[in-house]
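Hi,

Here is the structure I promised to send over. Have a look first, and my notes follow below.

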Amino acid sequence: MHLRTDGELNPVFCTIVPPHVLDHLSRSADARLADPARRTLAADALRRDRRRITALAATPTRHTAGAVPSKPQRILYDCETGTALPGVKVREEGDKPTSDASVNRAYAGLGATFELLLSAYGRSSIDGKGLPLIGSVHYGQEYNNAFFDGEQMVFGDGDGEIFLDFTVAVDVIAHELAHGLTQYTANLRYEGQSGALNESVSDVIGSLVKQYSLGQSAEQADWLIGAGLLAPRVSGDALRSMKAPGTAYDDDVLGKDPQSGSMDDYIETEEDNGGVHLNSGIPNRAFYLLATALGGNAWERAGQIWFDVLTGGELTANADFAEFARLTVAAAGARFGEADEREAVLKAWSEVGVPTRA
(Lines give C-alpha, C1' and ligand atoms only; values in the text may rest on other atoms or scores of the structure.)
Protein backbone atom coordinates (compact mmCIF):
# COMPACT_ATOMS: atom_id res chain seq x y z
CA MET A 1 0.00 0.00 0.00
CA HIS A 2 1.09 3.57 -0.56
CA LEU A 3 1.26 5.80 2.47
CA ARG A 4 1.61 9.54 2.22
CA THR A 5 4.38 11.18 4.20
CA ASP A 6 1.86 12.05 6.90
CA GLY A 7 1.22 8.32 7.35
CA GLU A 8 -2.43 8.54 6.36
CA LEU A 9 -3.85 5.84 4.15
CA ASN A 10 -6.93 6.65 2.09
CA PRO A 11 -8.75 3.33 1.65
CA VAL A 12 -10.60 3.18 -1.66
CA PHE A 13 -12.98 0.63 -3.14
CA CYS A 14 -13.55 1.72 -6.72
CA THR A 15 -16.17 0.40 -9.14
CA ILE A 16 -16.56 1.27 -12.82
CA VAL A 17 -20.38 1.49 -12.64
CA PRO A 18 -21.41 4.31 -10.29
CA PRO A 19 -23.77 3.52 -7.40
CA HIS A 20 -26.43 5.89 -8.73
CA VAL A 21 -26.76 3.80 -11.91
CA LEU A 22 -27.26 0.58 -9.99
CA ASP A 23 -29.62 2.28 -7.55
CA HIS A 24 -31.73 3.46 -10.49
CA LEU A 25 -31.85 -0.07 -11.91
CA SER A 26 -32.67 -1.59 -8.52
CA ARG A 27 -35.98 0.30 -8.51
CA SER A 28 -37.10 -1.15 -11.85
CA ALA A 29 -40.38 -3.04 -11.92
CA ASP A 30 -38.66 -5.67 -14.08
CA ALA A 31 -37.05 -8.27 -11.81
CA ARG A 32 -34.59 -9.17 -14.59
CA LEU A 33 -33.10 -5.69 -14.16
CA ALA A 34 -33.73 -5.00 -10.49
CA ASP A 35 -32.48 -8.25 -8.96
CA PRO A 36 -28.95 -8.21 -10.43
CA ALA A 37 -28.63 -4.52 -9.55
CA ARG A 38 -29.67 -5.15 -5.95
CA ARG A 39 -27.25 -8.07 -5.62
CA THR A 40 -24.47 -5.94 -7.06
CA LEU A 41 -25.17 -3.08 -4.67
CA ALA A 42 -25.16 -5.48 -1.72
CA ALA A 43 -21.92 -7.12 -2.82
CA ASP A 44 -20.28 -3.71 -3.36
CA ALA A 45 -21.34 -2.49 0.08
CA LEU A 46 -19.82 -5.58 1.69
CA ARG A 47 -16.56 -5.19 -0.23
CA ARG A 48 -16.42 -1.48 0.53
CA ASP A 49 -16.72 -2.10 4.27
CA ARG A 50 -14.16 -4.90 4.11
CA ARG A 51 -11.75 -2.65 2.22
CA ARG A 52 -12.08 0.08 4.85
CA ILE A 53 -11.33 -2.35 7.68
CA THR A 54 -8.37 -4.05 6.02
CA ALA A 55 -6.87 -0.74 4.88
CA LEU A 56 -6.88 0.66 8.38
CA ALA A 57 -4.84 -2.33 9.52
CA ALA A 58 -2.49 -2.28 6.54
CA THR A 59 1.21 -1.55 6.62
CA PRO A 60 3.29 -0.18 3.75
CA THR A 61 4.51 -2.69 1.21
CA ARG A 62 8.26 -3.12 1.43
CA HIS A 63 10.10 -3.75 -1.81
CA THR A 64 13.41 -5.51 -2.00
CA ALA A 65 16.27 -3.91 -3.86
CA GLY A 66 16.96 -5.00 -7.40
CA ALA A 67 16.23 -4.29 -11.02
CA VAL A 68 12.78 -2.93 -11.80
CA PRO A 69 10.91 -5.46 -13.98
CA SER A 70 10.36 -4.45 -17.60
CA LYS A 71 7.70 -7.10 -18.23
CA PRO A 72 4.36 -7.62 -16.50
CA GLN A 73 3.63 -10.41 -14.07
CA ARG A 74 -0.01 -11.29 -14.56
CA ILE A 75 -2.07 -13.85 -12.67
CA LEU A 76 -5.70 -14.60 -13.58
CA TYR A 77 -8.27 -16.39 -11.46
CA ASP A 78 -11.81 -17.67 -12.04
CA CYS A 79 -14.37 -17.03 -9.27
CA GLU A 80 -16.81 -19.43 -10.98
CA THR A 81 -19.73 -17.07 -10.15
CA GLY A 82 -18.78 -17.09 -6.47
CA THR A 83 -17.60 -14.11 -4.43
CA ALA A 84 -14.58 -15.61 -2.67
CA LEU A 85 -11.39 -13.97 -3.92
CA PRO A 86 -9.22 -14.58 -5.75
CA GLY A 87 -10.77 -17.85 -7.00
CA VAL A 88 -9.16 -20.69 -8.95
CA LYS A 89 -5.91 -19.84 -10.74
CA VAL A 90 -6.38 -20.26 -14.50
CA ARG A 91 -3.57 -18.38 -16.23
CA GLU A 92 -0.17 -16.98 -15.29
CA GLU A 93 2.39 -14.84 -17.08
CA GLY A 94 3.61 -16.53 -20.24
CA ASP A 95 0.85 -19.16 -20.35
CA LYS A 96 -0.94 -19.75 -23.62
CA PRO A 97 -4.47 -18.36 -24.05
CA THR A 98 -7.22 -20.39 -22.43
CA SER A 99 -10.60 -21.38 -23.85
CA ASP A 100 -12.20 -18.66 -21.68
CA ALA A 101 -12.47 -15.36 -23.56
CA SER A 102 -12.94 -13.39 -20.32
CA VAL A 103 -9.63 -14.68 -18.96
CA ASN A 104 -7.83 -13.83 -22.19
CA ARG A 105 -9.32 -10.34 -22.43
CA ALA A 106 -8.42 -9.56 -18.82
CA TYR A 107 -4.89 -10.88 -19.37
CA ALA A 108 -4.50 -8.67 -22.46
CA GLY A 109 -5.96 -5.61 -20.74
CA LEU A 110 -3.65 -5.89 -17.76
CA GLY A 111 -0.73 -6.20 -20.17
CA ALA A 112 -1.84 -3.20 -22.23
CA THR A 113 -1.96 -1.04 -19.09
CA PHE A 114 1.50 -2.19 -18.02
CA GLU A 115 2.80 -1.45 -21.52
CA LEU A 116 1.50 2.12 -21.62
CA LEU A 117 2.88 2.98 -18.18
CA LEU A 118 6.29 1.55 -19.04
CA SER A 119 6.61 2.74 -22.65
CA ALA A 120 5.13 6.21 -22.25
CA TYR A 121 6.19 7.09 -18.70
CA GLY A 122 8.97 4.68 -17.74
CA ARG A 123 6.94 3.26 -14.85
CA SER A 124 7.03 -0.46 -14.08
CA SER A 125 3.47 -1.44 -13.11
CA ILE A 126 1.20 0.68 -10.94
CA ASP A 127 3.65 0.95 -8.03
CA GLY A 128 6.70 1.69 -10.17
CA LYS A 129 8.40 -1.49 -8.95
CA GLY A 130 6.81 -4.18 -11.08
CA LEU A 131 3.89 -5.04 -8.82
CA PRO A 132 2.16 -8.24 -10.04
CA LEU A 133 -1.18 -7.57 -11.70
CA ILE A 134 -3.89 -9.88 -10.38
CA GLY A 135 -7.35 -10.29 -11.85
CA SER A 136 -10.40 -12.43 -11.14
CA VAL A 137 -13.17 -13.04 -13.68
CA HIS A 138 -16.71 -14.44 -13.41
CA TYR A 139 -17.26 -12.79 -10.04
CA GLY A 140 -20.75 -13.29 -8.60
CA GLN A 141 -24.01 -14.09 -10.33
CA GLU A 142 -24.88 -11.54 -13.01
CA TYR A 143 -22.61 -9.11 -11.18
CA ASN A 144 -22.94 -5.71 -12.86
CA ASN A 145 -19.56 -4.20 -12.10
CA ALA A 146 -15.79 -4.36 -12.11
CA PHE A 147 -13.64 -3.08 -9.29
CA PHE A 148 -10.19 -2.57 -7.85
CA ASP A 149 -10.05 -3.32 -4.13
CA GLY A 150 -6.56 -2.05 -3.38
CA GLU A 151 -4.97 -5.39 -4.18
CA GLN A 152 -6.49 -6.81 -7.34
CA MET A 153 -8.91 -6.41 -10.25
CA VAL A 154 -12.30 -8.13 -10.24
CA PHE A 155 -14.70 -8.50 -13.20
CA GLY A 156 -18.36 -9.46 -13.27
CA ASP A 157 -20.12 -11.07 -16.23
CA GLY A 158 -22.95 -8.53 -16.30
CA ASP A 159 -26.64 -9.42 -16.42
CA GLY A 160 -26.83 -9.54 -20.22
CA GLU A 161 -29.80 -7.15 -20.07
CA ILE A 162 -28.04 -3.87 -19.29
CA PHE A 163 -24.36 -4.75 -19.02
CA LEU A 164 -22.20 -7.28 -20.83
CA ASP A 165 -19.01 -8.96 -19.61
CA PHE A 166 -16.85 -6.32 -17.94
CA THR A 167 -13.66 -7.56 -19.61
CA VAL A 168 -14.86 -6.47 -23.06
CA ALA A 169 -13.58 -2.88 -22.71
CA VAL A 170 -9.83 -2.41 -22.28
CA ASP A 171 -10.38 1.11 -20.93
CA VAL A 172 -12.49 -0.33 -18.09
CA ILE A 173 -9.61 -2.63 -17.14
CA ALA A 174 -7.12 0.24 -17.32
CA HIS A 175 -9.47 2.57 -15.43
CA GLU A 176 -9.63 0.24 -12.46
CA LEU A 177 -5.89 -0.44 -12.46
CA ALA A 178 -5.30 3.31 -12.57
CA HIS A 179 -6.99 3.58 -9.18
CA GLY A 180 -4.03 1.53 -8.01
CA LEU A 181 -1.67 3.97 -9.70
CA THR A 182 -3.30 6.82 -7.80
CA GLN A 183 -3.17 4.80 -4.59
CA TYR A 184 0.60 4.42 -4.97
CA THR A 185 1.21 8.07 -5.92
CA ALA A 186 -1.03 11.00 -4.96
CA ASN A 187 -3.39 8.80 -2.89
CA LEU A 188 -6.29 11.16 -3.57
CA ARG A 189 -9.05 11.00 -0.98
CA TYR A 190 -12.15 9.42 -2.48
CA GLU A 191 -14.71 12.13 -1.78
CA GLY A 192 -15.72 15.50 -3.17
CA GLN A 193 -13.42 17.10 -5.72
CA SER A 194 -10.38 15.02 -4.78
CA GLY A 195 -12.53 11.92 -5.34
CA ALA A 196 -13.73 13.27 -8.69
CA LEU A 197 -10.08 13.82 -9.62
CA ASN A 198 -9.36 10.24 -8.55
CA GLU A 199 -12.10 9.04 -10.89
CA SER A 200 -11.02 11.37 -13.68
CA VAL A 201 -7.39 10.24 -13.55
CA SER A 202 -8.63 6.67 -13.99
CA ASP A 203 -10.76 7.69 -16.98
CA VAL A 204 -7.77 9.51 -18.48
CA ILE A 205 -5.47 6.50 -18.09
CA GLY A 206 -8.22 4.19 -19.33
CA SER A 207 -8.71 6.27 -22.46
CA LEU A 208 -4.97 6.56 -23.05
CA VAL A 209 -4.48 2.79 -22.80
CA LYS A 210 -7.30 2.29 -25.29
CA GLN A 211 -5.85 4.86 -27.69
CA TYR A 212 -2.31 3.46 -27.31
CA SER A 213 -3.55 -0.10 -27.94
CA LEU A 214 -5.45 0.96 -31.07
CA GLY A 215 -2.74 3.31 -32.33
CA GLN A 216 -5.18 6.22 -32.33
CA SER A 217 -4.42 9.92 -32.26
CA ALA A 218 -6.41 12.30 -30.07
CA GLU A 219 -8.47 13.24 -33.11
CA GLN A 220 -9.24 9.63 -34.02
CA ALA A 221 -10.26 8.53 -30.51
CA ASP A 222 -13.92 8.28 -29.50
CA TRP A 223 -13.18 9.50 -25.91
CA LEU A 224 -15.79 7.11 -24.56
CA ILE A 225 -15.31 5.07 -21.38
CA GLY A 226 -16.80 1.59 -21.53
CA ALA A 227 -17.88 1.52 -25.17
CA GLY A 228 -19.21 -1.96 -25.94
CA LEU A 229 -20.17 -2.59 -22.32
CA LEU A 230 -23.86 -1.70 -22.67
CA ALA A 231 -26.19 -4.46 -23.86
CA PRO A 232 -27.97 -4.03 -27.23
CA ARG A 233 -31.29 -3.07 -25.59
CA VAL A 234 -29.73 0.03 -23.98
CA SER A 235 -29.93 3.36 -25.78
CA GLY A 236 -26.41 4.62 -25.30
CA ASP A 237 -22.80 4.41 -26.40
CA ALA A 238 -20.85 3.93 -23.17
CA LEU A 239 -20.71 4.64 -19.43
CA ARG A 240 -19.16 8.09 -19.87
CA SER A 241 -18.02 10.53 -22.52
CA MET A 242 -14.91 12.62 -21.88
CA LYS A 243 -15.62 14.71 -24.96
CA ALA A 244 -19.20 15.55 -24.01
CA PRO A 245 -20.01 14.58 -20.41
CA GLY A 246 -23.72 13.91 -19.94
CA THR A 247 -24.28 12.39 -23.40
CA ALA A 248 -23.02 8.79 -23.01
CA TYR A 249 -26.50 7.30 -22.66
CA ASP A 250 -30.16 8.28 -22.54
CA ASP A 251 -32.27 5.22 -21.89
CA ASP A 252 -35.78 4.55 -20.60
CA VAL A 253 -34.47 2.00 -18.11
CA LEU A 254 -30.94 3.21 -17.37
CA GLY A 255 -31.89 6.87 -17.26
CA LYS A 256 -29.92 9.79 -18.69
CA ASP A 257 -26.20 10.27 -18.18
CA PRO A 258 -26.04 12.84 -15.32
CA GLN A 259 -22.39 13.88 -15.64
CA SER A 260 -21.46 17.55 -15.65
CA GLY A 261 -18.80 18.97 -17.96
CA SER A 262 -18.39 22.47 -16.55
CA MET A 263 -18.25 24.20 -13.18
CA ASP A 264 -21.44 25.98 -14.23
CA ASP A 265 -23.17 22.61 -13.83
CA TYR A 266 -21.24 21.37 -10.79
CA ILE A 267 -23.36 18.94 -8.76
CA GLU A 268 -23.59 19.39 -5.00
CA THR A 269 -24.65 16.08 -3.46
CA GLU A 270 -23.95 13.85 -0.49
CA GLU A 271 -24.47 10.72 -2.59
CA ASP A 272 -21.69 8.93 -4.48
CA ASN A 273 -19.05 10.22 -2.01
CA GLY A 274 -19.96 13.77 -2.93
CA GLY A 275 -20.53 13.12 -6.62
CA VAL A 276 -17.16 11.61 -7.53
CA HIS A 277 -18.56 9.95 -10.67
CA LEU A 278 -20.71 12.95 -11.56
CA ASN A 279 -18.26 15.85 -11.35
CA SER A 280 -15.34 13.88 -12.75
CA GLY A 281 -16.71 14.92 -16.12
CA ILE A 282 -15.27 18.41 -15.55
CA PRO A 283 -11.56 17.44 -15.39
CA ASN A 284 -12.28 14.74 -17.99
CA ARG A 285 -13.44 17.36 -20.48
CA ALA A 286 -10.47 19.58 -19.62
CA PHE A 287 -8.13 16.74 -20.54
CA TYR A 288 -10.00 16.05 -23.78
CA LEU A 289 -9.81 19.72 -24.73
CA LEU A 290 -6.08 19.80 -24.02
CA ALA A 291 -5.32 16.57 -25.88
CA THR A 292 -7.26 17.55 -29.00
CA ALA A 293 -5.83 21.09 -28.98
CA LEU A 294 -2.29 19.70 -28.92
CA GLY A 295 -3.07 16.97 -31.43
CA GLY A 296 -1.03 13.87 -32.11
CA ASN A 297 -0.92 11.08 -29.55
CA ALA A 298 -2.68 12.09 -26.34
CA TRP A 299 -0.34 10.06 -24.13
CA GLU A 300 2.73 11.97 -25.30
CA ARG A 301 2.09 15.53 -24.16
CA ALA A 302 -1.31 15.86 -22.47
CA GLY A 303 -0.88 12.51 -20.74
CA GLN A 304 2.67 13.35 -19.70
CA ILE A 305 1.52 16.54 -18.00
CA TRP A 306 -1.20 14.70 -16.05
CA PHE A 307 1.26 11.93 -15.14
CA ASP A 308 3.82 14.49 -13.94
CA VAL A 309 1.24 15.99 -11.57
CA LEU A 310 0.06 12.62 -10.29
CA THR A 311 3.60 11.45 -9.51
CA GLY A 312 5.27 14.78 -8.76
CA GLY A 313 4.72 14.74 -5.00
CA GLU A 314 3.06 18.17 -4.76
CA LEU A 315 -0.57 17.12 -5.26
CA THR A 316 -2.24 16.87 -1.86
CA ALA A 317 -4.61 14.05 -0.90
CA ASN A 318 -7.47 16.55 -0.52
CA ALA A 319 -6.76 18.45 -3.73
CA ASP A 320 -9.62 20.30 -5.41
CA PHE A 321 -9.94 20.99 -9.14
CA ALA A 322 -8.20 24.36 -8.86
CA GLU A 323 -5.15 22.87 -7.15
CA PHE A 324 -4.86 20.15 -9.77
CA ALA A 325 -5.30 22.71 -12.55
CA ARG A 326 -2.56 24.98 -11.16
CA LEU A 327 -0.18 22.04 -10.93
CA THR A 328 -0.88 21.02 -14.55
CA VAL A 329 0.01 24.55 -15.66
CA ALA A 330 3.24 24.37 -13.67
CA ALA A 331 4.01 20.87 -14.98
CA ALA A 332 3.48 21.97 -18.58
CA GLY A 333 5.83 24.90 -18.05
CA ALA A 334 8.46 22.75 -16.35
CA ARG A 335 8.48 20.14 -19.09
CA PHE A 336 7.79 22.21 -22.20
CA GLY A 337 8.59 25.80 -21.21
CA GLU A 338 6.48 28.84 -22.08
CA ALA A 339 5.18 27.10 -25.17
CA ASP A 340 1.95 25.94 -26.79
CA GLU A 341 1.46 23.19 -24.21
CA ARG A 342 1.20 25.58 -21.29
CA GLU A 343 -1.19 27.89 -23.13
CA ALA A 344 -3.34 24.94 -24.13
CA VAL A 345 -3.56 23.80 -20.50
CA LEU A 346 -4.67 27.27 -19.41
CA LYS A 347 -7.31 27.40 -22.13
CA ALA A 348 -8.66 23.90 -21.39
CA TRP A 349 -9.28 24.64 -17.72
CA SER A 350 -10.75 28.03 -18.57
CA GLU A 351 -13.28 26.41 -20.89
CA VAL A 352 -14.60 24.20 -18.09
CA GLY A 353 -14.62 27.06 -15.57
CA VAL A 354 -11.79 25.93 -13.28
CA PRO A 355 -9.41 28.73 -12.17
CA THR A 356 -5.68 28.21 -12.62
CA ARG A 357 -4.46 31.04 -10.35
CA ALA A 358 -4.50 31.08 -6.56
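Let me start with one stretch: residues 186-354 are 47% helix and 5% strand, and the C-alpha atoms at the two ends of that span sit 20 Å apart. The reason for picking it is the record: UniProt, in an unreviewed entry, puts the feature "domain: Peptidase M4 C-terminal" there. Keep in mind that this is a predicted model.

Now the whole chain. It has 10 helices and 10 strands. Its radius of gyration is 19 Å, close to the 21 Å from the globule rule for 358 residues, so the chain is as compact as a globular protein of that length. Along the principal axes, the C-alpha trace spans about 55 × 50 × 40 Å. Of the 358 residues, 56% are buried. If you take contacts between residues at least 6 apart in sequence, 63% of them join residues at least 24 apart.

On the surface side, the chain exposes about 14,500 Å², with carbon and sulfur atoms supplying 47% of that. As for charge, there are 32 positive and 50 negative ones, and their mean positions are 4 Å apart.

One residue I looked at up close is Arg233, in the loop between β7 (224-225) and β8 (240-241). Is Arg233 buried or exposed? Neither, quite: its relative accessibility is 38%, so Arg233 counts as partly exposed. Leaving out residues up to four places away in sequence, Arg233 touches Asp30, Arg32, Leu33, Glu161, Asp251 and Val253. For one of these, Asp251, the C-alpha to C-alpha distance from Arg233 is 9.1 Å, with their positions 18 residues apart in sequence numbering.

Cheers

How values were computed:
Residues are numbered from 1 along each chain as its sequence is written. This is a predicted model: local features need pLDDT of at least 70, side-chain atom pairs count only at pLDDT 80 or more; totals for chains, interfaces and linings use all residues. Side-chain values use heavy atoms; hydrogens and water are left out. Helices (H or I, at least four residues) and strands (E, at least two) are DSSP runs, numbered from the N terminus. The radius of gyration is taken over C-alpha atoms; the globule rule is 2.2 Å times the number of residues to the power 0.38. Buried means under 20% relative accessible area, exposed over 50%, partly exposed in between (1.4 Å probe, protein chains only). Contact means heavy atoms within 4.5 Å. Accessible areas come from the Shrake-Rupley method with a 1.4 Å probe; for residues, only the protein chains shown count as cover. Lys and Arg count as positive and Asp and Glu as negative; His and the chain ends are not counted. The place of a charge is taken as NZ of Lys, CZ of Arg, CG of Asp or CD of Glu. UniProt positions are given in the numbering used here, feature names are shortened, and annotations may be inferred rather than shown by experiment.
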